[in-house]
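Grab a pencil and work through these exercises one at a time. Try each task yourself before you read the solution under it.

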Amino acid sequence: MTPPDAPADPTADRGRPDPSGVFRLSPKITAFPVVNGSGDFAVAVRQAMLNGVPGTDGGVEHAFDCLAVPLPPSFRAGLEEAVQHLPAVSAVVQAEPKDWSRLAEPGEFSPESAAGDREGDPRVSFVPVDPCQPIVAAVRGAVGEHLARAFVDLETDRYEPFALPVPDPYALKRTTAARYAAAVLPALPRPKGQFAERCKHMAGRLRQLERVYDRIFFPVPFAEWPWVREAYLEVADPREDEYVEEPEVYSVAPRTLAFCLGELPFITALYERARAELDPDETLSVDGVKALLLEARDRYVAEHKKRARPVTPKLMATYFRYVRNLSLIERRLTPDLYTLAVGAKQIFGDAFAVHLMEAARDYLPRPGVLSEEPAYRTMKFAPGRVQLPDGEVCEAVNRLPGPPTTWRTIDLNRRPPEIDKQHWKQRWNPFRQCSYPPEDRKIESFRTHVKDTALKLIGSDLARSEKFTTSLRDGLDIRETLRNWHTGDLYVKNLPPVRGGIDSVVMLFDSPADPRDYPWRITWHAEHADESTLALFASDWKDDLIGPGIARATYGGCLFLFPPRPVIDVWRDRRLDFCDTLEERLLAGACLYAEERHIAVLSEAPPGAGFRRLARKYKKKLVHVPLSRMGSATIERLRTVHVLNGKEVRSFAQHFIRES
C-alpha cells in the first residue's frame with residue numbers, strides 16, 4: 001500500500017490509453033498520439049487497446065468498439081490483407097500522377113517543394129506493413145479481434161510528407177504519454193496546405209463515426225494530433241476526396257528491409273518473436289541492442305576463430321558506455337545503427353563492425369516462418385526510392401513517416417565475394433611473395449620489446465642487496481631495508497651489467513601447435529638492415545584472400561634473428577630433421593644460428609625439460625618471457641600477417657588491410 005504522502009509514480013499509468021483525459025476528443029473518442037516507426041509506441045498502442053477505456057462508474061474498463069485509422073480508405077483492403085501475412089514484411093504502394101502542370105496553384109504540392117524529386121519522375125506513396133509501426137500494430141490488433149475499422153484520412157492523389165523531430169520514444173519508459181506530448185507540442189508548426197486539409201477531414205470523419213460507435217480509439221501521429229483536435233472542436237466538415245489509383249501490395253526484398261522498417265530489422269524480428277512466444281517486449285529497444293551485439297560476436301568468432309580479438313565482458317562494457325555517450329551527444333536515448341557501427345569499429349575493429357551491420361540487417365522473426373515463397377511480388381527499397389517488380393525505379397514517400405532520418409556513410413572493409421577470391425587465387429604468382437611494411441615495423445618493434453624484457457629478466461637473477469654507504473646504486477631496496485629495520489641500516493640494489501646480449505627471439509603464440517592448422521612454413525630474409533631474418537609457421541594464406549594480390553594468415557610461431565644473416569631455410573635444413581614438432585624446429589633453428597648464449601622465448605608456459613635439453617645440446621640458455629605480460633589484444637593483432645603478391649601491391653594494400 002502506498003502511503004498518503006508518497007509521490008505519485010509518473011509511470012504507473014503508462015499502459016492505459018489516457019488516464020488523465022488529455023487525449024480525449026470527446027466522451028466517445030480517445031486519441032493516442034504516436035511516433036511512427038517506433039517499437040516502443042507499437043507496444044504502447046497494443047497495451048492501450050487491450051486496456052480499453054475507463055467506464056463512467058469509475059474504474060471499470062470497456063473495450064473499444066471501433067478503430068479510427070489515420071490513412072485513406074483506398075489503403076484499407078491492401079493493409080488489412082497484408083497484416084494477416086505478418087511477420088512477412090510488405091508494403092501497400094499507391095502510384096501518383098506524373099502530370100505536374102495542374103499542381104501549380106499556391107499552397108498545393110509542386111516539384112520545388114518535393115526534396116529529391118525530379119520533374120517527370122514516377123512517384124509512389126506507400127504504407128510499410130511493419131510490426132513496429134504503431135498504426136499497423138493497431139490495425140493488426142483490430143483485425144485479430146474483429147474490431148470495426150474506419151480509415152479516416154483524406155484521399156490525395158499526391159501526398160505531401162511531413163516528418164517531425166521528436167524526443168526519443170524510449171522516454172516513454174520513464175514518463176507518461178501526456179508528459180511526452182507536452183514536450184513535443186511547443187515544437188509543432190501550424191499546418192498549411194494539404195496537411196491542414198487532411199487534419200480537418202479526419203476531424204469531420206471522427207464526428208461522423210461517433211454517431212455510430214460509443215468507444216473509438218484513434219492512434220494518430222504527434223504532428224497531426226493537436227490540429228485534428230483543434231479542427232474537431234471547431235466542428236470542421238470532411239473534405240472532398242480526390243481520385244486516386246488503387247494501391248497494390250508488394251513483398252519487400254529482405255536485403256532492403258533496413259530502408260523500409262522503422263526499427264532495425266534484427267530488433268523488429270525480436271519484437272515479432274516476443275509476440276509469438278508471449279515474452280515481455282517492453283524493453284526490447286535497449287535489450288535488442290545487447291542481443292544484436294552478442295549475435296555479432298558469435299558470427300565474428302565463428303568466422304575468424306583464433307584470429308578474432310577477444311570480445312571480453314570488460315570490452316563490451318566499454319563499448320556500451322561509448323555508444324551511450326555518442327547517443328547522448330546526438331540527443332538520443334537509444335543508439336542508431338551508425339552509432340553502433342562507429343563504436344564497434346573503434347573498439348573491436350572493422351571485421352566486427354561488418355558483422356554487426358550484417359546482423360542488424362537480418363530479419364529472422366522465428367525459424368522457418370519466412371521459408372515459404374513471398375505472398376506478393378517483390379520490390380526493393382533504397383533511401384527515398386523504390387524499384388517495383390517490373391524494374392521501374394520511382395521516388396517513394398512514406399505515408400507513416402517517422403522522425404527525419406539522415407543517412408551517413410562509414411568506411412569499412414567488406415568481405416570480398418567468393419568469385420573474386422577465386423579470380424585472385426588464379427592470378428597469384430608464388431615466386432613474388434613479400435610482406436606488408438607497416439606490419440613488419442610493428443612486429444620488429446615487438447621483437448625489440450621482448451628482447452629488452454628478457455635482458456631485464458637475466459639481470460634480475462644477478463641482483464643483490466648491500467648496505468648503503470655512499471651511493472644509492474640502482475635504487476633503494478625497500479624489502480631488505482624493512483627486513484633489517486631494527487638495525488637502522490638502509491639497503492640498496494646492485495644490478496651488475498649483463499654480459500652478452502640476445503640476437504635470437506622465438507615467439508610461440510599457439511603451443512602445442514597442431515600441424516594441420518599451420519601448413520604454411522617459410523623462412524623470409526630481410527630486405528634491409530632494420531629487419532630480422534624471419535622463420536615462421538602460420539595458417540594457409542590461400543584460404544583467406546582479402547584483395548587482389550593480398551592474402552592473410554595467422555602466426556602460430558616465429559623465429560627472429562637480428563642482426564639479419566643468411567641462413568638455410570629452417571624448414572628444409574636437414575640438420576634439424578630430428579625435431580618432431582613445429583616448436584622444436586623453430587627452437588632448434590634459433591639455437592643453431594644464434595651467436596649469443598641466451599635465447600628469448602615468448603610463450604604461455606615456461607619451456608619444458610625437452611626444450612631445455614635441446615638448448616643445452618647447442619650450449620644455449622633459454623630465457624622465458626611470459627605471454628601473459630603482453631596485452632591479449634596486442635598479441636592477437638600481431639599474430640595477423642598479410643602476404644602480398646609483389647612489391648607493387650604495397651601501393652594500394654592499405655585500402656584492403658584493416659585490423660580485425
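**Exercise 1. Locate His 146, then decide whether it is buried or exposed.**

Solution. Start with the place: His 146 sits in the loop between helix H3 (134-144) and S8. Keep in mind that you're working with a predicted model. Next, look at the backbone: phi of His 146 is positive, about 55°, even though the residue is not a glycine. Last, check the surface. The relative accessibility of His 146 is 71%, and exposed means over 50%. So His 146 counts as exposed.

**Exercise 2. Do the same for Leu 278: where is it, and is it buried or exposed?**

Solution. Leu 278 belongs to the loop between helix H7 (265-277) and helix H8 (284-304). Its phi is near 60°, which is a positive value in a residue other than glycine. Now use the cut-off of over 50% again. Leu 278 has 76% relative accessibility, so it counts as exposed.

**Exercise 3. Find what Ala 150 touches, and work out whether it is buried or exposed.**

Solution. First, place the residue: Ala 150 lies in strand S8. Second, compare its area with the cut-off for buried, which is under 20%. With a relative accessible area of 7%, Ala 150 is buried. Third, list the neighbours, leaving out residues up to four places away in sequence: Ala 150 touches Cys 66, Leu 67, Ala 68, Val 69, Arg 205 and Leu 209. Finally, take a pair that is far apart in sequence. Ala 150 and Pro 72 are separated by 78 residues along the sequence, yet their C-alpha atoms are 9.3 Å apart in space.

**Exercise 4. In what order do the five strands of the open sheet come, and which are the edge strands?**

Solution. Read across the sheet: the order is S1-S2-S9-S5-S8, and the pairing is mixed. Now look for strands that pair on one side only; these are strand S1 (24-26) and strand S8 (148-151), the edge strands. On average, neighbouring strands here are turned by 25° against each other, direction ignored.

Zoom in on one pair. Strand S5 (residues 66-69) and strand S9 (residues 216-221) run parallel and are joined by two bridges. Within this pair, Cys 66 faces Ile 216 in S9.

Then add the helices. Helix H6 (residues 225-233) packs on the sheet, where it touches S1, S2 and S9, and its direction makes about 20° with that of S1. Helix H1 (residues 39-51) lies across strand S2 (29-34) and S9, and runs at about 165° to S2.

**Exercise 5. Describe how H8 and helix H11 (residues 350-361) cross.**

Solution. Two packed helices are described by the angle between their axes and the distance between the axes. For H8 and H11, the axes come within 8 Å and cross at roughly 125°. That angle lies outside the ranges for roughly parallel (under 35 degrees), roughly antiparallel (over 145) and roughly perpendicular (65 to 115). H8 and H11 are therefore oblique to each other. As for handedness, H8 passes H11 in a right-handed crossing.

Who meets whom? On the H8 side, the residues include Leu 292, Leu 293, Tyr 300 and His 304, while those on the H11 side include Phe 352, His 355 and Leu 356. Sorted by class, this contact of H8 with H11 has nine nonpolar, two polar and five charged residues.

**Exercise 6. Where are the cis peptide bonds before Pro 87 and Pro 512?**

Solution. Take Pro 87 to begin with. A cis peptide bond joins Leu 86 to Pro 87, with omega at about 15°. Pro 87 is in the loop between helix H2 (76-82) and strand S6 (90-96). Move on to Pro 512: the bond from Ser 511 to Pro 512 is cis too, with omega near 0°. Pro 512 is in the loop between strand S17 (502-508) and strand S18 (520-524).

**Exercise 7. Zoom out: how many helices and strands does the protein have?**

Solution. The protein has 17 helices and 24 strands. Of its 660 residues, 50% are buried. Among contacts with a separation of 6 or more, 76% come from residues 24 or more positions apart.

How values were computed
Residues are numbered from 1 along each chain as its sequence is written. This is a predicted model: local features need pLDDT of at least 70, side-chain atom pairs count only at pLDDT 80 or more; totals for chains, interfaces and linings use all residues. Side-chain values use heavy atoms; hydrogens and water are left out. Two strands pair if DSSP finds at least two bridges between them. Helices (H or I, at least four residues) and strands (E, at least two) are DSSP runs, numbered from the N terminus. Axes are lines fitted to C-alpha atoms, for helices over the stretch in contact, and angles run from 0 to 180 degrees between N-to-C directions. Contact means heavy atoms within 4.5 Å. Buried means under 20% relative accessible area, exposed over 50%, partly exposed in between (1.4 Å probe, protein chains only). A crossing is left-handed if the near helix is turned anticlockwise from the far one by less than a right angle, and right-handed if clockwise. Ala, Val, Leu, Ile, Met, Phe, Trp, Tyr, Cys and Pro count as nonpolar, Asp, Glu, Lys and Arg as charged, and the others, Gly among them, as polar.
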